Amino acid sequence: MATDALPPPGGTDTSPAQPTTESFVEVQESAEFGELRRTYRSFAFPLTVAFIAWYLLYVLLSNYAGGFMGTKLFGNINVALVFGLAQFATTFLIAWLYSRHAAAKLDPKAAAIKSRMEADA
Amino acid sequence: MSAAYAAYPTVQLAADGASEHRPLIITLFACFVVATLVITVWAGRQTKNAADFYAGGRQFTGFQNGLAVSGDYMSAASFLGIAGAIALFGYDGFLYSIGFLVAWLVALLLVAEPLRNSGRYTMGDVLAYRMRQRPVRTAAGTSTIVVSIFYLLAQMAGAGVLVSLLLGITSDAGKVAIVGLVGVLMIVYVTIGGMKGTTWVQMVKAVLLIAGTLLITFLILLKFNFNLSDLLGTAASNSGKGSAFLEPGLKYGATSTSKLDFISLGIALVLGTAGLPHILIRFYTVPTAKAARKSVNWAIGIIGSFYLMTIVLGFGAAALLKPGDIIASNKAGNTAAPLAALEIGGGSGSTGGAILLAVISAVAFATILAVVAGLTLASSSSFAHDIYANVIRKGTATEKEEVRAARWATVAIGVVSIGLGAMARDLNVAGLVALAFAVAASANLPTILYSLFWKRFTTQGALWSIYGGLTSAVVLVLFSPVVSGKPTSMFKEADFYWFPLENPGIVSIPLGFLLGWLGSLLSKEEPDKGKYAELEVKSLTGTGAH
């Protein structure tokens, strides 16, 4: 299997020295990387499930709850429009939340591992 | 998704008064073409190696790439199609916008950063990382090219119809000429400018599109004293459908099958975006994963604002125009936005109307050109890097040979799509775009996610998932009412459909995920633990990233 896994051809697209596979395995099994993976996954995965469920709820309500969606709230603004705009709002909110989480919790951990591995390589 | 509505070509009437404004429209088109050609030549001079050609030298900022991503994503029918769908079907047209936007969260949370960290030039780089190179590269290249060609075809067919409508050209020869012109320009952009030139073209286009939309939105809101409720009320009563116009159901609520179709479409939209190769390769144009994250954030902001404006544009068109006039100009409502621009500028015959119509038409043209260039680049990159360099030449090709192959592939793909586009100009393109999204979600997304996050994923799983998702999506569309059996089908006279839905997503997407899982479980070979360690650590930390 490893025989036809080719190393990327060299060229001017320079990348830092590549650590060995052994050191990648070592880092992958380390507590520090485990912590980074957990911090990422425990945030991104549930949030993904949540926004997809929230979106599907909207799709299903549009399909099967026409009466509710047509309820007028003020003037000609009905529940359907507010629900749709709420999808926009939650999308902006989740993007902001994730970016804040990534900058505060993920980037420093990732940078520490990266600089150490590249220095060792 | 662009051209979902772009072409129902049965109605060939020119947009109201388009022909009298033709000189102005053509002047603006020409300005855009000249400006983008200058950019392309300038970018071409700076394109020296493979990383320049494929990834724009990885020197773009998060903001620049965010603009370019938006430019790649907001195609002609996002602009004309969604506005038109809202103008005709009211609220149901707006449902598209939401799926297109929410989809970006999948890209942001799960795909953009890991892809940037672990890949180099193509989607195949990430899919094949842990796997046996040749079979998985072949599969990734195939699905990249299939998705891009379907999407491209829809844009080309849409280009012929839309530009013809806007310019008032009705002859077949004229339409073929326009498809040919679009094709030649896109070949020039991509072969000369590579990713650098294409990225700048996307940025220019995105700015024009946003500026044009902002202007019309502002003028429409001004007319209604910035009272949205008033605007909606006028649209509802003017549409003749009353408050039903502001509620879901006018387009998709008719039967239980159409409701199921809507769910299928909704799933394909939200899961398709993060599997579109021409969007994914944009993340290689920035230096780091952090910049990739910034690009997506800018894209979400820009695309979100744009879709919010389409509400005003669409309902504005419904409020300002007679529904009969919109349909008479184009059955699918594609000319609603330009017609609304004409009306808000003072109506047919007025200078203000003429200028606004010309501006909007030029923006639509710029949009089509930029999107086809992005799609062509994605497919020729994948051919050269995945199939030519790694499968045919088994990694022995030099960088120069690889880029030369990419340029020739661009010419070939351009010629093929001019040919297909010229033939497809009378086809209903909705099926093609829905197919592109459904294939992206069924074949690409499962493999991307499994590759990045599931350690037991194997080569066999990847192949089953890519080919299974691809085949099931294509076959289901082939036997759907999109292709035969209905008055709106591609082949109206034939009738061989048995799959009731227009969008295959609800079946083919779960199938893609299922096959990836099953293929891995039943696989005789063990997953490569070392390679997975490399991919996982790289994707989360950026260690050794190009």
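Okay, let me start with one helix, H10 of chain B: 12 of its 17 residues are buried, so H10(B) is largely enclosed by the rest of the structure. Keep in mind as we go that this is a predicted model.

Which residues of H10(B) are the buried ones? They begin with Asp261(B), Phe262(B) and Ile263(B), and the list carries on through Ser264(B) and Leu265(B) up to Leu271(B) and Gly272(B). As for the length of H10(B), 17 residues at 1.5 Å each should span 24 Å, and the end C-alpha atoms are indeed 24 Å apart, so the two agree.

Now let's zoom out to the whole of chain B. How many helices and strands does chain B have? The count is 20 helices and zero strands. The C-alpha trace spans about 70 × 55 × 45 Å along its principal axes. For 546 residues you'd expect a compact globule to have a radius of gyration near 24 Å, and chain B comes in at 22 Å, which agrees. Of those 546 residues, 69% count as buried. And if you take the contacts in chain B with a separation of 6 or more, 82% of them come from residues 24 or more positions apart.

On to the core. The largest nonpolar core has 231 residues, and Ala317(B) and Ala340(B) are the ones with the most contacts inside it. Helix H15 of chain B, residues 351-392, gives the most to this core, with 25 residues. So what does Ala340(B) touch, leaving aside its neighbours within four places in sequence? Its partners are Ile216(B), Ile220(B), Leu313(B), Gly316(B), Ala317(B), Leu320(B) and Leu321(B). Notice that Ala317(B), the other residue I named for the core, is among them.

Next, the interface. Here 58 residues of chain B are in contact with 56 residues of chain A. Several helices of chain B give two or more residues to that side, including H2 (50-55), H7 (133-167), H12 (289-320) and H20 (529-541). Our opening helix, H10 (256-272), is on that list too. Which helix gives the most? That's H5(B), with 11 residues. By type, the chain B side divides into 26 nonpolar, 18 polar and 14 charged residues.

Last, a look across at chain A. An unreviewed UniProt entry places "transmembrane region" at residues 43-61 and 73-98 of chain A. In the model, residues 43-61 of chain A are 100% helix, with end C-alpha atoms 27 Å apart. Residues 73-98 of chain A are 77% helix and 15% strand, and there the ends lie 32 Å apart, C-alpha to C-alpha.

Definitions and conventions:
Residues numbered from 1 in each chain as written. Chains lettered and ligands numbered in written order. Predicted model: local features only at pLDDT ≥ 70, side-chain atom pairs only at ≥ 80, totals over all residues. Helix = DSSP H or I, 4+ residues; strand = E, 2+ residues; numbered from the N terminus. Rg over C-alpha atoms; globule rule 2.2 N^0.38 Å. Buried ≥ 20, exposed ≤ 12 C-beta atoms within 10 Å, placed from the backbone. Contact = placed C-beta atoms within 7 Å. Nonpolar A, V, L, I, M, F, W, Y, C, P; charged D, E, K, R; others polar. Core = buried A, V, L, I, M, F, W, Y, C linked by C-beta atoms within 7 Å. Expected span 1.5 Å × (residues − 1). UniProt positions renumbered as here; feature names shortened; annotations may be inferred.
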